[in-house]
Amino acid sequence: MTDTVEVTLKVNGRTATRQVEPRLLLVDFLRHELGLKGAHVGCEQGVCGACTVLIDGRSARSCLHFAVAVQGTEIATVESLGSRDSLHPIQEAFHKAHGLQCGYCTPGFLATTVELLARNPDPDEAEIRRALTNNICRCTGYANIVKAVRAAAAAMRAMPDKAA
Amino acid sequence: MADRRHYIGQDVLRREDEYLLRGRGRFVDDLPTPTDTVHLGFVMSPYAHARVVSIDASRALAHGGVIAVYTGADIAKLVQPIVAEIEFPGYHRHGRDVIARDKVRFVGEHVAVVVAENAYAAQDGIELVDVEYEPLPVASDLETATQPGAPLVHDAIPNNLIFKGQLTTKDFAAGFARGEHVIRERFRSGRVAGVPMEPRGCLALPDHVGDSIVFYSSTQIPHLVRTALARCLDVAEPRIRVVAPEVGGGFGTKAQIYPEEFVVAALAFDLRRPVKWIQDRREELLTDIHARDHIYDVEISFDSQGIVQGLKLSLWTNAGAYSTLPFGCTLEATGGARMIVGPYRISNYAYETHAVATHTCPSGAYRGVAQPTCFMAIEGLMDRIGRKLGIDPAEIRLRNMVPTKDLPWVNVVGVRYDTGSFVESLERALTAIDYAGFRTRQPADRLVDGKYRGIGICSFTEVSGTGAPGWRARGLVRMPGFDSSIVKVEPTGKVTAYVSHANGGQGHLTTFAQVVADALGADLADVTIIEGDTGATPYGTNTFASRSAVTGGGALIRASTKVKEKMRRIAGHMLEAAPADIVIEGGRAFVVGVPQVGLDFAGIAETAYSMNNFGLPEGDGYGLEATDFYDPPLVTMANAVHIAQVAVDAEDGRVEIERYLVVHDCGRIINPMIVNGQIHGGTAQGIGEALMEEMVYDSEGQLQNATLLDYLLPTAEDVPNFEIDHLESPSIDAEGGFKGVGEGGVIGAVPAIVNAVADALAGLGININRKPLRPAFLSRLMREARASRPAA
């Protein structure tokens, strides 16, 4: 068997240590070591964005990072959004605008949106579309995702203390 | 919900959303796996055509984590070859080993499967299987594969012509000759694929006895998968339960039964261990069905008023290396030939249609099947007639359409259009986009601010909800056509509805609940939909070809209606009224005119399940459930109009979509929000197909762009906002009045955009008769056009 290394990651505010192969991808660490199945694998090449998570607040392809290489960072996945009883305003906006169909790419879009709205709380449509090129959706044709991001931005501006 | 009696027609928000938004969807790769699960990796052929000389697995077997390697010969002992069940004059039946034995016929075809302790070790094992091939000559190109001397894909199929079909209407030649003008054109359509964001995968879990398996697969057709597994593995159906968990998009790509599904199931029985396989994107692009590699050679004759007098088609479709399950390779060939007449009164028609075997990935039923390409042809011809006669192309369409007053109408190939709004849809679309104003403003050279601006129309019919007669007409002798449901009012009065369909993002859990709530008179919140599980749901044809609303909706209405009748009898018995006088709505039953006195569903269920002393009405038994089946007519025909307004950059050839308008008529709408979502998504796929997507094979049969870096999908910056309007012409043939809506987006978008670009470049004298229309291609055409013309 391949040699293993000890990897400690801080994910969604909690620290986890596992003994894994050094070649283990971050997305596989999240999904199969930690059971956080929200980030999905769509292309293994960093193109589709289904595996997008936040590393230190920046959107990142979890299929392009080795788990061992992102030790010492703060990683946030879709599972960190919202609370047990309520959805995050971005999730809520995607629901109300019908911004998802099959839902496979959705966690990646949510991560991209969190990053966008943290940087720019009031993006116009062109800025939203530019940011969303980070991710591919094959179901929705993007129109309702754009609508959802606008609605989420408005909702979050209306309650600044609750922003992600 | 404001109105608790009528849910159909309302924008009910989706029940599927919350868990998906929280990242808790259970797609195949998200399912928990037992610790003793083995993982598969398939060894793919790097050659398009080769003899497999030898396979040496010793290096793989020596690698830690690799448990076993099975070759085609090993798997052949467990799985019978798969054969598409087509019976059609002109069709050559052929089998396929689920793992190739002697010969490979396309790049990516499997030659061995590695069984390993984990997915990484399986990948290692693939690299360590040494396969010796003897490369053979390749026929990868549709245009040359049928020529004499071309390498044969299957020795028993002469000229690689897997299928040839034809039709000539009575007195065709005389009718065709009545036209004063004839236009001939060749339309060429590039090969594309569905490319769902979730690649495929399977997980087979043996039970504790080792006798049965639960088989999870990312499929649109769990019931058909189970039947096929039972046949080819020679295992009784009760020993296989197929579950389609959350499915990350299908678009027809997953309405196929693939070799890996047989292998995963067979190895779970053979090894008596859980077996998992998750496809990667490269495998997905190389081996999941492709589509639309078509040539339409068309001739159309018409009079001086632009009225079509005759249409002649020779259609060539690239079938790839094998006929796939369950549709075989004739679907595109028969589809394009049968649907091309669309909303038009064309009664003189002759076609020859062909499916050609090549050393490329097998083709299959991608969203829209042949409709995006056959409408690219007929709608392109409508524009050409207009240009030739100096009559506006919209007017040409209106002159040739079947008017609403002539409906129901049976078209030239025998398909009945029961209701529709061809003329009204086009007129409404023309008004909404100010077509006349655009034409007035458009200069003869189309050049405004450095961009060529054009407008393109696609008026089309959309086949949906195909029933058994529709499949028989296309040679599919064993494709059922019906779907089914079981509707139960449970002892507490809550409603469970089991339907034979499977969800892949369409929102069934929401829309089917709307249908059941209305049909039963139940409160929507009390209705739960169960689907995608052969262990729970009754048999059916499943979810593809825009079937759900028609066949699932129809089956649910029928079963609900039976249950409602029984509830009326019980309520009448309990309220001492005639059943005919009982009204059931909003979750309550009462005597007509006396809504204040009544029973809720729980009260009726108490009697049905013998939990009180009322006893049942005479003639009724216990329980409160019904099963019913619904086989729709031949097909259920929806219609729509797409209009695209584009700007082609005069320098770099980039196409920008400036406005995009859809007027759609899918009969009675269950959930407008979801219907619009289907149109958005389909149209975006059509934009990709028209402007960027193409699977490119070289002469050696190598796919040149088997990554998402190279096979371009539309992003948020490539897709415009959509203006959508609806007309509702409820079907009079199909239960509930529903028509399908899943494919219209892609069907309309491809021709509308191609025609818009053609219109934009018409001033340069450029003839656009193919797609995709990539910037490099268009800028070359513009350069050549300018070079061949004297400067103004």
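Me: Which residue in β17(B) does Val182(B) stand opposite?

Reply: Good place to start! Val182(B) stands opposite Ser301(B). Keep in mind that this is a predicted model.

Me: What makes β10 and β17 of chain B count as paired strands?

Reply: Two strands pair if there are at least two bridges between them. Strand β10 (residues 181-189) and strand β17 (residues 294-302) of chain B have nine bridges, in the antiparallel sense, so they count as paired.

Me: And how do you know that β10(B) pairs with β34(B)?

Reply: Use the cut-off again: at least two bridges are needed. β10(B) and strand β34 (residues 770-771) of chain B have two, and the sense here is parallel. In one of these bridges, Ser189(B) has Lys771(B) as its partner.

Me: Why is α6(B) called oblique to α7(B)?

Reply: Helix α6 (residues 222-233) and helix α7 (residues 259-271) of chain B pack at an angle of about 60°, with their axes 10 Å apart. Angles under 35 degrees would be roughly parallel, and 65 to 115 roughly perpendicular. An angle of about 60° fits neither range, nor is it over 145, so the word is oblique. The crossing of α6(B) past α7(B) is right-handed.

Me: Which residues make that contact?

Reply: From α6(B) come Val225(B), Leu229(B), Cys232(B) and Leu233(B), while α7(B) brings Glu261(B), Phe262(B), Ala265(B), Ala266(B) and Phe269(B). You can meet Ala265(B) again in the largest nonpolar core, among the residues that touch the most other members.

Me: How many residues are in that core, and which helix gives the largest share?

Reply: The core has 310 residues, and helix α19 (residues 744-761) of chain B supplies the largest share, with 12. Val757(B) is also among the core residues that touch the most other members. Leaving aside residues up to four places away in sequence, Val757(B) touches Gly454(B), Val646(B), Val648(B), Val655(B), Ile768(B) and Leu773(B).

Me: What makes β22 and β33 of chain B edge strands?

Reply: The open sheet runs in the order β22-β23-β31-β32-β33 in chain B, with mixed pairing. β22 (447-448) and β33 (723-726) each have a single partner strand, so one side of each has no neighbour in the sheet. For β22(B), two antiparallel bridges lead to strand β23 (residues 451-464), and Val448(B) has Lys451(B) as its bridge partner there.

Me: Last one: how many residues lie between the strands of the β3(A) and β4(A) hairpin?

Reply: Two, and Asp56(A) in the turn has a positive phi of about 50°. Four bridges join the antiparallel strands β3 (residues 52-55) and β4 (residues 58-61) of chain A, and Val53(A) stands opposite Ala60(A).

Conventions. Residues are numbered from 1 along each chain as its sequence is written. Chains are lettered from A and ligands numbered from 1 in the order in which they are written. This is a predicted model: local features need pLDDT of at least 70, side-chain atom pairs count only at pLDDT 80 or more; totals for chains, interfaces and linings use all residues. A nonpolar core is a set of buried Ala, Val, Leu, Ile, Met, Phe, Trp, Tyr and Cys residues joined through C-beta atoms within 7 Å. A residue is buried if 20 or more other C-beta atoms lie within 10 Å of its own, exposed if 12 or fewer, and partly exposed in between; C-beta atoms are placed from the backbone. Two residues are in contact if their C-beta atoms, placed from the backbone, lie within 7 Å. Axes are lines fitted to C-alpha atoms, for helices over the stretch in contact, and angles run from 0 to 180 degrees between N-to-C directions. A crossing is left-handed if the near helix is turned anticlockwise from the far one by less than a right angle, and right-handed if clockwise.
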